[in-house]
Amino acid sequence: MPSLEQLKFGLVLALALWLPAGGASGSYAEHPAAKELMREMVAEHGFEAQQLRSWFAQAEKKQAIIDAMSRPAEKTKTWGQYRSIFLTPTRIEKGVEFWQSRRQALARVAQQTGVPAEIIVAIIGVETLYGQYRGNYRVMDALTTLAFDYPSRSAFFSKELKQFLLLAREQGRDPLSLQGSYAGAMGYGQFMPSSYRAYAVDYDGDGLVDIWSNEEDAIASVANYFVRHGWRSGEAVAVPATVSGAHNRDIFVPELRPRHTVAQLREQGFNANLALAADMPARAMQLQGDGGTEYWLGLHNFYVITRYNHSELYALAVYELSQAIRERAESATVGAK
């Protein structure tokens with residue numbers, strides 16, 4: 001039987017969640033699932049019910065967010081079409097500029113983590129064009145819209161909404177003031193709230209983990225994300241390949257984790273264009289490029305990149321952009337001597 005104090009707490013919480021908070025009728029403060037989430041945040045994390053109601057009453061459903069979630073580029077475009085979005089002269093040149101202007105921080109982070117500077121730069125380039133486009137949706141709007149009006153992924157975004165509220169409190173920020181992508185991703189590297197709390201780091205030691213505006217924190221946080229997901233220093237990422245006429249088409253599978261070795265794929269008629277250890281885990285890929293069918297081997301570090309975004313097109317775009325940036329940066333350095 002609950003104690004008197006527990007009964008009092010339950011009554012106060014129920015009243016706080018029921019009483020108007022100044023929002024319009026039909027606001028997320030009145031949504032049954034939002035009410036349950038607010039109850040959990042009060043009971044499990046000590047949030048103030050009235051404050052939560054105020055935030056949820058001001059959150060707005062955005063149909064544009066639902067529309068964008070329904071047509072992700074990774075599922076609607078060929079590799080050639082997807083590649084053309086990110087492998088552009090502008091993105092390559094701005095990548096070189098970003099690398100040169102943050103060379104010391106990138107060199108330190110690469111040396112400490114084993115994640116190459118060009119990979120870090122390419123991630124930030126793909127995600128936000130080196131910080132130029134960090135999202136123009138209120139994160140609160142994005143996450144409430146997807147948590148409560150996008151049923152196919154409501155469980156995931158409800159968890160992210162909880163993580164966001166915890167993050168905002170930890171950061172001492174007003175959750176209604178923070179902006180991000182249509183999916184609620186934030187900062188230079190576009191971390192979801194759970195990833196922000198788990199992997200973002202205070203690299204410059206100023207006491208604040210800030211990937212919204214602190215470039216050193218953002219650079220180190222991207223590297224830390226890869227380290228925590230198993231990045232192997234010095235190993236290759238992806239290698240072009242060729243196939244024999246009798247290659248086994250069953251080797252092309254949707255699963256992103258490598259399930260074969262280089263030797264096993266070679267036996268099936270799939271050959272890397274560069275020398276690789278026979279026992280190296282690898283995944284065969286067949287993609288439609290602008291010039292026709294392309295074959296690639298995705299290695300362990302390629303799989304690690306897909307932990308950032310679960311798409312082979314995304315990972316390959318990051319890798320090819322990283323190589324283009326590195327080559328352009330090296331040629332610029334040689335030309336300057």
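**Reviewer's note: burial, rings and pockets**

1. Thr306 counts as buried, because its relative accessibility is 1% and the cut-off for burial is under 20%. The model is a predicted one. Thr306 belongs to helix 15, which covers residues 300-306. Two partners of the Thr306 side chain deserve a look. A polar atom of that side chain lies 2.5 Å from the backbone oxygen of Tyr303. The side chain of Thr306 also makes a polar contact with the side chain of Arg307, at 3.0 Å.

2. Now the overall frame. The chain has 337 residues, and 48% of them count as buried. Its secondary structure comes to 16 helices and seven strands. Along the principal axes, the C-alpha atoms fill a box of roughly 75 × 50 × 35 Å.

3. Why is helix 10 described as largely enclosed by the rest of the structure? Helix 10 spans residues 139-149, and 10 of its 11 residues are buried, so the rest of the structure largely encloses it. The buried residues in helix 10 are Val139, Met140, Asp141, Ala142, Leu143, Thr144, Thr145, Leu146, Ala147 and Phe148. Asp141, Thr144 and Thr145 are thus among the buried residues of this helix.

4. Check the backbone in the loop between helix 9 and strand 1 (137-138), where Leu129 is found. Leu129 is not a glycine, yet its phi is positive, near 50°. Tyr130 sits in the loop between helix 9 and strand 1 as well. Its phi is also positive, about 65°, and Tyr130 is not a glycine either. Are these residues buried or exposed? Leu129 has a relative accessible area of 13%, so it is buried. Tyr130 has 9%, so it is buried too.

5. Aromatic pairs come next. With ring centres within 6.5 Å as the rule, the count is 17 aromatic pairs. One of them joins Tyr199 and Tyr225. The geometry is edge-to-face, with 4.9 Å centre to centre and 75° between the planes. Tyr199 lies in helix 12 and Tyr225 in helix 13 (residues 215-228), so the pair ties together parts 26 residues apart in sequence. Tyr199 and Tyr225 are both buried.

6. Phe226 and Trp231 give another geometry. Their ring centres are 5.6 Å apart and their planes are at 45°, so this pair is tilted. Tilted pairs fall between the stacked limit, under 30 degrees, and the edge-to-face limit, over 60. Phe226 counts as buried, because its relative accessibility is 0%. Trp231 counts as buried as well, at 10%.

7. Which residues form one aromatic cluster? They are Phe191, Tyr199, Tyr225, Phe226, Trp231, Tyr308 and Tyr314. The edge-to-face partners Tyr199 and Tyr225 and the tilted partners Phe226 and Trp231 are among its members.

8. Two arginines sit over rings. Arg134 lies over the face of Tyr188, 4.6 Å from the ring centre. The charged end of Arg169 sits over the ring of Phe47, at 4.1 Å from its centre.

9. The largest pocket holds about 1600 Å³ of space. Its lining has 44 residues, and the closest to the pocket centre are Glu74, Glu127, Tyr182, Ala183 and Asn309. Several helices give two or more residues to this lining: helix 5 (73-76), helix 6 (79-86), helix 9 (117-128), helix 11 (154-171), helix 12 (193-199) and helix 16 (312-336). By class, the lining of the largest pocket has 24 nonpolar, 10 polar and 10 charged residues.

10. The second largest pocket has a volume of about 150 Å³. Its lining consists of Gly114, Pro116, Glu118, Ile119, Trp231, Gly234, Glu235, Ala236, Val237, Tyr319, Ser322 and Gln323. Helix 9 and helix 16 are the elements that give two or more residues to it. Which element supplies the largest share of this lining? Helix 16 does, with three residues. By class, the lining of the second largest pocket divides into six nonpolar, four polar and two charged residues. Trp231 links two of the topics above: it lines the second largest pocket and belongs to the aromatic cluster.

Technical notes: Residues are numbered from 1 along each chain as its sequence is written. This is a predicted model: local features need pLDDT of at least 70, side-chain atom pairs count only at pLDDT 80 or more; totals for chains, interfaces and linings use all residues. Side-chain values use heavy atoms; hydrogens and water are left out. On a 1 Å grid over the protein atoms alone, a cavity is a set of points where a 1.4 Å probe fits but cannot get out, and a pocket is an open set with protein on both sides within 12 Å along at least five of seven lines; lining residues have an atom within 4 Å of a point. Grid points are joined across faces, edges and corners, and a volume is the space filled by probe spheres set on the points. Helices (H or I, at least four residues) and strands (E, at least two) are DSSP runs, numbered from the N terminus. Ala, Val, Leu, Ile, Met, Phe, Trp, Tyr, Cys and Pro count as nonpolar, Asp, Glu, Lys and Arg as charged, and the others, Gly among them, as polar. Rings of Phe, Tyr and Trp (its six-membered ring) pair if their centres lie within 6.5 Å; planes under 30 degrees apart count as stacked, over 60 as edge-to-face and the rest as tilted. Buried means under 20% relative accessible area, exposed over 50%, partly exposed in between (1.4 Å probe, protein chains only). A charge sits over a ring if NZ of Lys or CZ of Arg is within 6 Å of the ring centre and within 35 degrees of the ring normal. A polar contact is a pair of N or O atoms within 3.5 Å; within protein, one must be able to donate a hydrogen and the other to accept it, and residues adjacent in sequence count only if both atoms are side-chain atoms.
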